[in-house]
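Subject: Structure for you to look at

Hello,

Here is the structure I said I would pass on. My notes on it follow below the display.

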Amino acid sequence: MINRTAFGPKTTADEVLDGIDMTGQRVLITGGTSGLGAETARAMAARGADVTITARSARKAADVVADIKTQTGKTVAVEELELGSMASIRAFAERVNAGGEKIDVLINNAGIMACPQGQTEDGFETQFGTNHLGHFLMTALVAQSLKDGGRVVALSSSAHQMSDVLFDDIDFAKSGYNQWVSYGQSKTANALFAIGLNKRLAARGIEVFSVHPGAIQTGLGRHLSFVDILKFLPRILFGGIAMKSVQAGAATQCYAATAPEIKGQGGRFLANCGIAPISQERVRKDSVVWPYAQNADAAERLWTISEEMVGHQFA
């Protein structure tokens with residue numbers, strides 16, 4: 001049995017789940033066709049979980065499903081979901097709820113990063129609309145299928161430090177679009193969403209956590225230009241950013257979803273397989289959460305605005 005007090009930035013998903021039996025637990029992971037989502041699905045299936053991943057199309061998930069079957073003997077289910085489309089989200093939620101099975105763990109893993117300015121199908125700024133509003137609406141609609149006592153994990157990032165939620169200019173109509181400010185805003189929103197959802201599900205014993213997975217080379221960086229990459233190189237080479245493997249990158253969301261030692265700490269932000277301290281100490285950028293991303297009043301303000309934007313009130 002692994003020492004659960006010794007987890008850190010190099011801990012892998014398999015190590016986090018060592019000794020944890022997930023047999024019979026139903027896990028739903030958004031964005032499971034590659035990267036952290038696929039690794040999380042594999043690691044949890046290896047522990048006996050019945051895993052469903054989402055994909056923009058079932059065809060894109062075929063290779064991942066086959067790989068996980070080969071490695072674990074478990075067949076992962078696939079549901080189509082486009083988080084940039086409220087019609088797709090509503091159809092997905094109807095299918096999930098109609099199935100009648102309870103979800104023990106929901107991991108909101110999917111996301112986009114630093115993409116060019118654009119809008120979702122419903123007219124929202126792309127990154128805020130996909131990373132936050134898409135998951136907000138989806139989670140609200142499937143909440144009835146969450147199992148009492150279960151967990152929800154929202155994938156945030158240390159990039160939340162790039163921007164608070166710009167409540168007076170969420171869509172950048174006034175200030176002009178910046179791909180990194182937009183991404184940072186959406187990641188702060190993910191952290192605040194966890195606080196708001198945790199409050200609303202507390203009576204059912206469901207706990208919600210937000211997570212910084214670390215810096216990992218995955219398909220999330222597909223929109224980065226050569227110039228963007230050059231800007232990051234000095235920080236990678238000289239210690240400002242510690243790169244992780246995909247196996248280590250998936251560890252913190254697996255930890256948030258299962259760790260018995262964090263029971264009762266719902267709403268908190270996790271990094272490196274532990275609760276992150278609230279601080280603006282820049283030298284520990286990758287392991288702290290900034291105060292505005294843990295502000296309960298801001299979480300309530302965001303919740304109200306989000307309900308208005310998607311046209312759905314949480315019941």
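Among contacts in the protein chain between residues at least 6 apart in sequence, those joining residues at least 24 apart make up 75%. Please keep in mind that this is a predicted model.

Overall build

The protein chain holds ten helices and ten strands. Its radius of gyration is 18 Å, close to the 20 Å that the globule rule gives for 315 residues, so the chain is as compact as a globular protein of that length. The C-alpha trace spans about 50 × 45 × 40 Å along its principal axes. Of the 315 residues, 54% count as buried. The accessible surface is about 13400 Å², and carbon and sulfur atoms account for 52% of that.

A parallel strand pair

Strands β2 (residues 50-55) and β3 (residues 77-80) run parallel and are joined by four bridges. In this pair, Ile-53 stands opposite Val-78 of β3. To get from β2 to β3 the chain passes through helix α3 (residues 58-72), and the resulting β-α-β crossover is right-handed.

Two nonpolar cores

In soluble globular proteins, nonpolar side chains tend to be buried together. The largest nonpolar core here has 43 residues, and Leu-106, Leu-146 and Leu-197 have the most contacts inside it. The elements giving two or more residues to this core are α4 (86-99), β4 (103-108), α5 (126-142), β5 (146-155), α6 (179-201) and α10 (296-310). Helix α5 supplies the largest share, eight residues.

What does Leu-197 touch, leaving aside residues up to four places away in sequence? The list is Thr-139, Val-152, Val-208, Trp-303 and Phe-314.

Another core, of 40 residues, lies apart from the one just described; Ile-20, Ala-43, Val-105 and Cys-254 are among its members.

Helix α9 and Cys-254

Cys-254 is found in helix α9. This helix (residues 251-258) is mostly covered, with eight of its eight residues buried. Besides Cys-254, the buried residues of α9 include Ala-251, Thr-252, Gln-253 and Tyr-255, and Ala-256, Ala-257 and Thr-258 are on the list too.

Is Cys-254 buried or exposed? Its relative accessible area is 0%, and buried means under 20%, so Cys-254 counts as buried. Not counting residues up to four places away in sequence, Cys-254 touches Ala-13, Val-16, Leu-17, Thr-40 and Met-44. One of these partners, Val-16, is 238 residues from Cys-254 along the chain, yet their C-alpha atoms are separated by 6.8 Å.

The loop between β9 and β10

Most residues other than glycine have a negative phi. Two residues in this loop are worth a look on that count. Asn-272 sits in the loop between β9 (269-271) and β10 (274-275), and its phi is positive, about 50°, although Asn-272 is not a glycine. Cys-273 is found in the loop between β9 and β10 as well, and its phi is also positive, near 60°.

How accessible is Cys-273, and what does it count as? Its relative accessibility is 6%, below the 20% limit, so Cys-273 counts as buried.

If you open the model, I would start with Cys-254 and its partners, then go on to the loop that holds Asn-272 and Cys-273.

Regards

Technical notes. Residues numbered from 1 in each chain as written. Predicted model: local features only at pLDDT ≥ 70, side-chain atom pairs only at ≥ 80, totals over all residues. Heavy atoms only, no water. Pairing = 2+ DSSP bridges. Right-handed = clockwise from strand over helix to strand, strands pointing away. Buried < 20%, exposed > 50% of the residue type's maximum accessible area, 1.4 Å probe, protein only. Rg over C-alpha atoms; globule rule 2.2 N^0.38 Å. Contact = heavy atoms within 4.5 Å. Areas by Shrake-Rupley, 256 points an atom, 1.4 Å probe, with all protein chains shown as cover. Core = buried A, V, L, I, M, F, W, Y, C linked by side-chain atoms within 4.5 Å.
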